[in-house]
Amino acid sequence: MALISLQDVSVGFGGPLLLEDVNLQIEKGEWVGLLGRNGMGKSTLLKLINGDLLPQSGTVSRQQNLRVAYLPQEVPLGLTGKVNEIVASGLLDQSDEPGEELEDQWQRQLQVEQVIDRMELNPKAQFETLSAGMKRRVLLARGLVRNPDLLLLDEPTNHLDINSISWLEDFLARWGGTLFFVTHDRLFLQRIAHRIVELDRGRLFDWNCNYATFVQRKEAMLSAEQEHNVNFDKKLAQEEAWIRRGIEARRTRNEGRVRALKRLRELRAERREQAGKVKMQVQEAKRSGRLVIEAEDLHYAYDHRLILDHFSTVIQRGDRVGIIGPNGSGKTTLLRILMGELTPQKGTVELGSNLEIAYFDQLRTQLDESQSVLDNVGQGRDTIQINGKSRNLVGYLEDFLFARDRVHAPISALSGGERNRLLLARLFAHPANLLIMDEPTNDLDIETLELLEDLLLDYTGTLLLVSHDREFLNNLATSTIVLDGKGHAKEYVGGYDDWLRQSRAEAELPSLVTNRVQKHSILTGKEEPQPQRKLSYKDKLALEAKKQALLDLPKKIERLEAEQVEISKSMATPEFYQGDAVEIAKTANRLHELEEELAAAYQRWQELDSGKSE
């Protein structure tokens, strides 16, 4: 028997039904990803499964004694207490069982401590003082502690940093339960989901494949659907033209054709068109100077916590710089320092010439809660200038999927996704040659996220981007600044995956040197030989060769790194992937070779510099 079974379930809240006669079964051990546009009813479906909502029609069947844990998209209001108390509350329904032994109580307490430790939480911290990301981690821990049969997650990666997302992926990969989740994180989907269910216009589509295969099949289905609709509308138009001629239609032998036309009209009226797509365009200002930002020897700390120490960077026109790090590591602080909004305690920041900056605020504080959607963007104007052309403001907001009856709505009535779209509309209403975006992908559905991604790929200005969306960083960033939360910041060429490869290579270098020394000691039974005081002619030649190598290696490393930067920049452009497939593969292989050559060069340099080369 399935853990959960939905049969002919319908739910709506006025207007078109969110769920219309849908059927769904979730079997034990499945990992199912639920996709759909914002507002399609994904959260509603999760609440149905969890039992928080009853269907208007149809039935929801659950396996007997099914344990379900549900992580909602929003943090519940009014939840207070210490972290360990809130996590332990996930076991309250089990602790009331009669005859509970002291050993069982101890086992449960151990379970709470283990989950808290794995989630890297402070058990004594007060929940209400935590950041939004940390609160979600506590709520996830509360769900996991009861060892549920079915785990329901609504946007589990929202407000989590990359380390927490990676931990969550590893945990779920080892977890033996059943998972049903909603997410806009494409890499999370690729790694976790074995089955994709899509909610679209009131219907559920079960693809029964992984995310990569779903993308291909979905594209083919939409193409076929569009072709079918075009042919249907053409047939309907022909029949409408025939019926208007009148005389032929009134003949008895044509009554069947008249009935068929009525049925065509009914089918056309019942058709639910695909929701419109967001239409975004960046207003690009005049080109900035070649140098955009130069930061040298930055130092910043507050509340006795080090954020930056001796950090320097140069950002040039056209660079797309990603910034990652744990929650609280200072990513937003670094943005504010680089844009000149915050003064470093030591070091200097020089901004280039002709800069026009547009800033996307993670907390959306730029939105005025007392104003409507229209006023937040128009500031009292009815029209807006977009790339030199006058646009009606309502029409501009319709491009961001705000219906005419919603543009006068107060900000308080907007969902998280709508607020993000509104902030994007406000951001792109002003010319900019430097875009600074702090977590722009939160609450966006995958389709809108990919449209934003394409827009930024075509943007010719400079981009500074804080994000925990690894796929977004991989597709956009030409370099990545990594903060460790302890004051250290380092810049790497490429996106998230490139940083992983480079950081792993750096971590392996010391161990490679150590292993070589240990191997020599084991084979010879003695320590690495020390240089003799008196050098032979052969030793002198070797020493000269070593000195020359120490001079040549930095130049070689610099040349390899320059080539690596050029290839990475080339691969970051959309035009690159429109070229010859053989050349694309050849360039990608060359980038991999460069990483290996650089690792070998750095290893050799360390050996020579330490005096341990043979």
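The exercises below work through two strand arrangements and one helix of a predicted model.

In this predicted model, local features need pLDDT of at least 70 and side-chain atom pairs count only at pLDDT 80 or more, while totals for chains, interfaces and linings use all residues. Residues are numbered from 1 along each chain as its sequence is written, and side-chain values use heavy atoms, with hydrogens and water left out.

**Exercise 1.** Determine which strands stand at the edges of the open sheet formed by E2, E1 and E4.

*Solution.* Begin with the order, which is E2-E1-E4 with antiparallel pairing, where strands (E, at least two residues) are DSSP runs numbered from the N terminus and two strands pair if DSSP finds at least two bridges between them. Strand E2 (19-26) and strand E4 (57-62) each have a single partner strand, so one side of each is left without a neighbour in the sheet. Then check one pairing: E1 (residues 4-11) and E2 are joined over five bridges, and Val11 stands opposite Leu19 in E2.

**Exercise 2.** Establish how E6 is paired and whether its faces are buried or exposed.

*Solution.* First, E6 (residues 150-154) pairs in the parallel sense with E5 (residues 68-71) over four bridges, and five bridges join E6 to the parallel strand E7 (residues 178-182). Leu150 is the bridge partner of Val68 and also of Thr178 in E7. Next, Leu150, Leu152 and Asp154 on one side, and Leu151 and Leu153 on the other, are all buried, meaning under 20% relative accessible area with a 1.4 Å probe, protein chains only (exposed is over 50%, partly exposed in between).

**Exercise 3.** Locate the cap of helix H6 (residues 162-174).

*Solution.* At the N-terminal end of H6, a side-chain oxygen of Asp161 lies 3.2 Å from the backbone nitrogen of Asn163.

Key. The expected span of a helix is 1.5 Å times one less than its number of residues. A polar contact is a pair of N or O atoms within 3.5 Å; within protein, one must be able to donate a hydrogen and the other to accept it, and residues adjacent in sequence count only if both atoms are side-chain atoms.
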